[in-house]
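Work through the exercises below with the sequence and the structure at hand. Try each task before reading its solution.

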Amino acid sequence: MSAEAETSLNAPASGKQTPLNNKTMPPAEDLSNQAWRCASGGISLQRVDVVIPCYNYAHFLQESVESVLSQAGVDVRVLILDDCSPDNTPEVGKALASRDDRVTYRRHTTNMGHIATYNEGIDWAGGDLFLLLSADDYLLPGSLGRAAELMRTYPNVGMAFGNALIAEPDGNTSRADPLGDNVRPMQVLSGPQFMRLSGASNLVPTPTAVVRTALQKQVGGYRKELPHAGDMEMWLRLASHADVGFIKEDQAVYRRHASNMSLQYYGENILSDLLQRKKAFDALFSQATDSLKKDQTLRRFLARELGNKALQQAGIAFNNFDLATAAAIQRFALEVSPELRNSLPCFKLACKQMIGPKYWYALKSIARRVAGCMRRNRVSSSASTGTTVGS
């Protein structure tokens, strides 16, 4: 999984209500039938070039590669890019390449970092479609076929993505369901629709993002100045040039490691991450089409989303007794979106700052005890009268 996917600010959103547009998608079974016709020779297979960057993930690499090679309904090619891993990635990578001529293994003599590695993969790609798949993630059966057929059916779609399963550190599995439940099995979003749904977060589970290679080369590679917001910025950039397709299926699995920043508070890195998100928005509007540049409503909406996200993170910093970071993030939020000065989240944070963390925690503790007593009294009263609580 990429470093960007490791932050809580990048966690895929869930439960959002998706605005439906007037583009009618064929039923999911129709696309499945089209994929079967491709596999049976009725339609020429689309080629999907999958780049698998790998650094110290030799123990995951075989599963990742084999999940690509087993995809039906598409013609796949794999490039393993070993960024000078100190583990046994060379042995695993070379063995995989020797067993299947669809696999190429390439090793860097020095560590180049993930941005340069991603861009090397983009330069290599030459098929119809392109996917960057981290070596610790893997695809689920049929995912590339579904994405390829959606994009075959809708030439205006430049990128397709879907749901993902998250392999948690404790061995359990959760789901990244970006658009929530109230959506069709497959649908097409306009660029602005996608941007509004994304807001200030990375909406797309990265291992599910299949892109038209021609469009990827047209918009260029990842920005070296955005190492922690590169994925989000790339999806916005692609959406500024083409529609985005969504597949409500589990398309891939990505692993959440115990060392994730998303599982812990990470201090000053929060502000750095937020600043990169602002730079991503600045880059979007500076290089967008004229119509998008003039969309001040969308620009203000994204700024407010980023400001609200910042206020949430300021609250986390305050709860961790990092008052200086909380104040710095709060200043950032109000610089990005001054209208938030009179918002409820800003007022709540100001009250917490005025009271101080020690007394704030004391008040919360008292409130929890009072709420607990009230619940117990209701249960006791209900039991004595023979009624059911909540009836």
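**Exercise 1.** Does Arg-175 count as buried, partly exposed or exposed, and what is its relative accessibility?

Solution. The model is a predicted one. The relative accessibility of Arg-175 is 47%. Buried requires under 20% and exposed requires over 50%, so Arg-175 counts as partly exposed.

**Exercise 2.** Find the residue whose side chain meets that of Arg-175 in a salt bridge, and place both residues in the chain.

Solution. Step one: the partner is Asp-250, at 2.6 Å from N to O. Step two: Arg-175 lies in strand β7 (residues 173-176), while Asp-250 belongs to strand β10 (residues 243-255). Step three: the two residues are 75 residues apart, and the pair links distant parts of the chain.

**Exercise 3.** Describe the salt bridge between Arg-223 and Glu-233: its distance, its place in the chain and the burial of each residue.

Solution. Begin with the distance: the closest N and O atoms of Arg-223 and Glu-233 are 3.0 Å apart. Next, the place: Arg-223 sits in the loop between α7 (213-219) and α8 (230-239), and Glu-233 is in helix α8, 10 residues apart. Last, burial, for which the limit is under 20%. Arg-223 has 15% relative accessibility and therefore counts as buried. Glu-233 is buried too, with a relative accessible area of 3%.

**Exercise 4.** Which residue forms a salt bridge with Asp-273, and how are the two placed in their helix?

Solution. Asp-273 pairs with Arg-277, with 2.7 Å between the closest N and O atoms. Both are in helix α9 (residues 269-286); because they are 4 residues apart, about one helical turn separates them. An α-helix has 3.6 residues a turn, so residues three or four places apart point the same way. As for burial, Asp-273 has a relative accessible area of 3% and is buried. Arg-277, at 1% relative accessibility, counts as buried as well.

**Exercise 5.** How many salt bridges does a search of the whole structure find, and which residues does the network with Asp-49 link?

Solution. The search finds 15 salt bridges. In the network, salt bridges link Arg-47, Asp-49 and Arg-77.

**Exercise 6.** How many residues of helix α6 are buried, and which residue follows the helix?

Solution. First, the count: helix α6 (residues 191-198) has 8 residues, of which 6 are buried, and the helix is mostly covered. Among the buried residues are Phe-194, Met-195 and Leu-197. Then the end: Gly-199 follows α6, and its phi is positive, near 60 degrees.

Terms used: Residues numbered from 1 in each chain as written. Predicted model: local features only at pLDDT ≥ 70, side-chain atom pairs only at ≥ 80, totals over all residues. Heavy atoms only, no water. Salt bridge = Lys/Arg side-chain N within 4 Å of Asp/Glu carboxyl O. Buried < 20%, exposed > 50% of the residue type's maximum accessible area, 1.4 Å probe, protein only.
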